[in-house]
Amino acid sequence: QVTLVESGGGLVQAGGSLRLSCAASGSIFSINTMGWYRQAPGQQRELVAGVTSGGSTNYVDSVKGRFTISRDNAKNTVVLQMSSLKPEDTAVYYCNAEVVTRGYYRMALWGKGTLVTVSS
């Protein structure tokens, strides 16, 4: 069994910063892409940022220059550092990982989500 556990999130004023962390644990052989998605009320879930095992990153345009994604392959963790937060960043943030288990099964895993609220 493989699980993703998120931490971080909370309430912050506009212009502030927050750090989201996600750790994968269990019977893991390798992890390909790890990323963060978000879903605001009444909206579809969208990819915020992703990072490959080689360190290549991509971001949605609305967070470029404000958010930074990083990962530690040895610890199977991914971090989203968010700064200059805006009220429109308010959403539930979900960690995602493309995992290959030790039994060589490929799985797309999701965390349970963590709420980020940015007040104006």
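How many bridges join β4 to strand β5, and in which sense do the two strands run? Five bridges join them, and the strands are antiparallel. The model in which this is seen is a predicted one. Strand β5 covers residues 46–51, and one of the contacts between the two strands sets Y37 opposite its bridge partner L47 in β5. The hairpin that β4 and β5 make has six residues between the strands, and G42 there takes a positive phi near 75°.

Strand β4, residues 28–39, also pairs with β9. This pairing is antiparallel too and extends over nine bridges. Among the paired residues, I28 has T101 of β9 as its bridge partner.

Strand β9 also holds one end of a disulfide. A search of the whole structure finds one such link, and it joins C22 to C95 with an S to S distance of 2.1 Å. C22 lies in strand β3 (residues 18–26) and C95 in strand β9 (residues 91–101), so the link connects distant parts of the chain, 73 residues apart. In general terms, a disulfide is a covalent bond between the sulfur atoms of two cysteines. The link of C22 and C95 is left-handed, with -85° about the S-S bond. Both C22 and C95 are buried.

The next topic is the nonpolar core. The largest one has 30 residues, and those that touch the most other members are W36, F67, V78, L80, M82 and Y93. At least two residues of this core come from each of β1 (2–7), β3, β4, β5, β7 (67–72), β8 (77–82), β9 and β11 (114–119). The strand that gives the most is β9, with five residues.

Two of these contributors, β7 and β8, run antiparallel and are joined by six bridges. In this pairing F67 stands opposite M82 in β8, and both F67 and M82 are among the core residues with the most contacts to other members. The two strands form a hairpin with four residues between them, and N76 in the turn has a positive phi of about 55°.

Which residues of β7 point to the buried face? They are F67, I69 and R71, whereas T68, S70 and D72 point to the other face and are not buried. Such a pattern fits the general rule for strands: in a regular strand the side chains alternate between the two faces of the sheet.

The aromatic contacts lead back to Y37 in β4. The count of aromatic pairs comes to two. One of them is formed by Y37 and W110, with 4.8 Å centre to centre and 65° between the planes, which makes it edge-to-face. The pair links distant parts of the chain, 73 residues apart, with Y37 in strand β4 and W110 in strand β10 (residues 106–110). Are these two residues buried or partly exposed? Y37 counts as partly exposed because its relative accessibility is 22%, where buried would require under 20%. W110 is partly exposed as well, at a relative accessible area of 39%.

W110 has a further contact, with R45. The charged end of R45 sits over the ring of W110, 4.7 Å from its centre. The charged end of R45 also sits over the ring of Y94, where the distance to the centre is 3.7 Å.

Definitions and conventions:
Residues numbered from 1 in each chain as written. Predicted model: local features only at pLDDT ≥ 70, side-chain atom pairs only at ≥ 80, totals over all residues. Heavy atoms only, no water. Disulfide = S-S within 2.5 Å. Buried < 20%, exposed > 50% of the residue type's maximum accessible area, 1.4 Å probe, protein only. Pairing = 2+ DSSP bridges. Core = buried A, V, L, I, M, F, W, Y, C linked by side-chain atoms within 4.5 Å. Phe/Tyr/Trp six-rings, centres within 6.5 Å; stacked < 30°, edge-to-face > 60°. Lys NZ or Arg CZ within 6 Å of the ring centre and 35° of its normal.
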